[in-house]
Amino acid sequence: MSASGYEQEHATSAGVRIICNAMPVAVHGNGAVREVEFAYTVETPEGLKSTGETFRIKADQVFKAIGQTLSGLPAGITTAGGKIAGLPPKVWAGGDCTGGGEDLTVTAVAQGRDAAEDIHAFLKG
Ligand SMILES: Cc1cc2nc3c(=O)[nH]c(=O)nc-3n(C[C@H](O)[C@H](O)[C@H](O)COP(=O)(O)OP(=O)(O)OC[C@H]3O[C@@H](n4cnc5c(N)ncnc54)[C@H](O)[C@@H]3O)c2cc1C
């Protein structure tokens, strides 16, 4: 899950350790978690890929944070960096699924408003 530099600084100043690009591969324990195993990764054109080399971190709790990906998009919609980049006529999009935004609620709301105004103008000819 992405976080701004400011948010990361907040977390690290409170003792949070941030490890980037580590891929969780296993939870170890006997009835309760004791360790989580992660794989080191390398960046490839298809995204992060495991190197096969792993490391473990002691843990007594695990919180899962999942992301969302775009799939099965209708024809004519193009993506860049996993976000909507181009739209065919008569299709509108806004919010976190689109690129170029700041992934903020206020941006999503503004883009929804702009889309509504544009749809209204289109329908009125
Ligand atoms: C931990 C966290 C903290 C945040 N803090 C802030 C903050 O302090 N200030 C701020 O401005 N922003 C914050 N954000 C960002 C903000 O939540 C998003 O920018 C905003 O919610 C984007 O709105 P959206 O409508 O584009 O997407 P979403 O709010 O994600 O809405 C998308 C909706 O579509 C639904 N959906 C997905 N797939 C389908 C499908 N196939 N069919 C039907 N429905 C579907 C989802 O269930 C979801 O309800 C935070 C985000 C996170 C994760």
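**A tour from the end of α2 back to the sheet**

Start at Gly 125, which comes just after helix α2 and takes a positive phi of about 75°. Before moving on, note that this is a predicted model, in which local features need pLDDT of at least 70 and side-chain atom pairs count only at pLDDT 80 or more, while totals for chains, interfaces and linings use all residues. Residues are numbered from 1 along each chain as its sequence is written. Helices (H or I, at least four residues) and strands (E, at least two) are DSSP runs, numbered from the N terminus.

**Helix α2 and the ligand**

Now select residues 105-124, the 20 residues of helix α2, which reaches 29 Å from its first C-alpha to its last, close to the 28 Å expected at 1.5 Å a residue; the expected span is 1.5 Å times one less than the number of residues in the helix. Colouring by burial will show that α2 is hardly covered, the count of buried residues among its 20 residues being 0. Here a residue is buried if 20 or more other C-beta atoms lie within 10 Å of its own, exposed if 12 or fewer, and partly exposed in between, with C-beta atoms placed from the backbone.

Next, show the ligand together with the residues around it, which are Gly 95, Asp 96, Asp 103, Leu 104, Thr 105, Val 106 and Ala 108; a residue is included if its C-beta atom, placed from the backbone, lies within 6 Å of the molecule. This shell divides into 3 nonpolar, 2 polar and 2 charged residues, where Ala, Val, Leu, Ile, Met, Phe, Trp, Tyr, Cys and Pro count as nonpolar, Asp, Glu, Lys and Arg as charged, and the others, Gly among them, as polar.

**The loop before α2, and β4**

Select Lys 90, which lies in the loop between β5 (83-86) and α2. Its phi is near 65°, a positive value in a residue other than glycine, and with 8 C-beta neighbours inside 10 Å Lys 90 counts as exposed. Most residues other than glycine have a negative phi. From there, go to Thr 79 in strand β4 (residues 78-80), which counts as partly exposed with 15 C-beta neighbours inside 10 Å. A distance drawn from C-alpha to C-alpha between Thr 79 and Val 91 gives 14 Å, across 12 residues of sequence.

**Across to the other domain**

Zoom out until the whole chain is in view: it is divided into domain 1 (5-58) and domain 2 (78-124), with bounds that come from an automatic or database domain assignment. The centres of domain 1 and domain 2, taken over C-alpha atoms, are separated by 33 Å.

In domain 1, select helix α1 (residues 5-13), where the number of buried residues among the 9 is 0, so the helix lies largely in the open. Gly 15 follows α1 and has a positive phi, near 95°. Further along, in the loop between α1 and β1, Asn 21 has a phi near 60°, a positive value in a residue other than glycine, and Asn 21 is exposed, with 11 other C-beta atoms within 10 Å.

**The three-stranded sheet**

Finish with the open sheet of 3 strands, whose order is β1-β2-β3 with antiparallel pairing. β1 (23-29) and β3 (47-58) stand at the edges, each with a single partner strand, so one side of each is left without a neighbour in the sheet. The twist averages 20° from one strand to the next, with axes taken as lines fitted to C-alpha atoms and angles running from 0 to 180 degrees between N-to-C directions. Two strands are said to pair if DSSP finds at least two bridges between them.

Select β1 and β2 together: they pair in the antiparallel sense over 6 bridges, and the hairpin of these strands has 3 residues between them, with Gly 31 taking a positive phi near 90°. Of the 7 residues of β1, the number buried is 0, so β1 lies largely in the open.

Then add β3, which runs antiparallel to β2 (residues 33-44) and is joined to it by 9 bridges, the two being linked by a hairpin of 2 residues. Which residue of β3 stands opposite Val 42? It is Lys 49. Phe 38 is worth displaying as well, as the bridge partner of Pro 24 and as the residue opposite Phe 55 in β3.

The last stop is Glu 37 in strand β2, which is partly exposed, with 15 other C-beta atoms within 10 Å. Glu 37 and Phe 55 are 18 residues apart in sequence and 5.7 Å apart in space, C-alpha to C-alpha.
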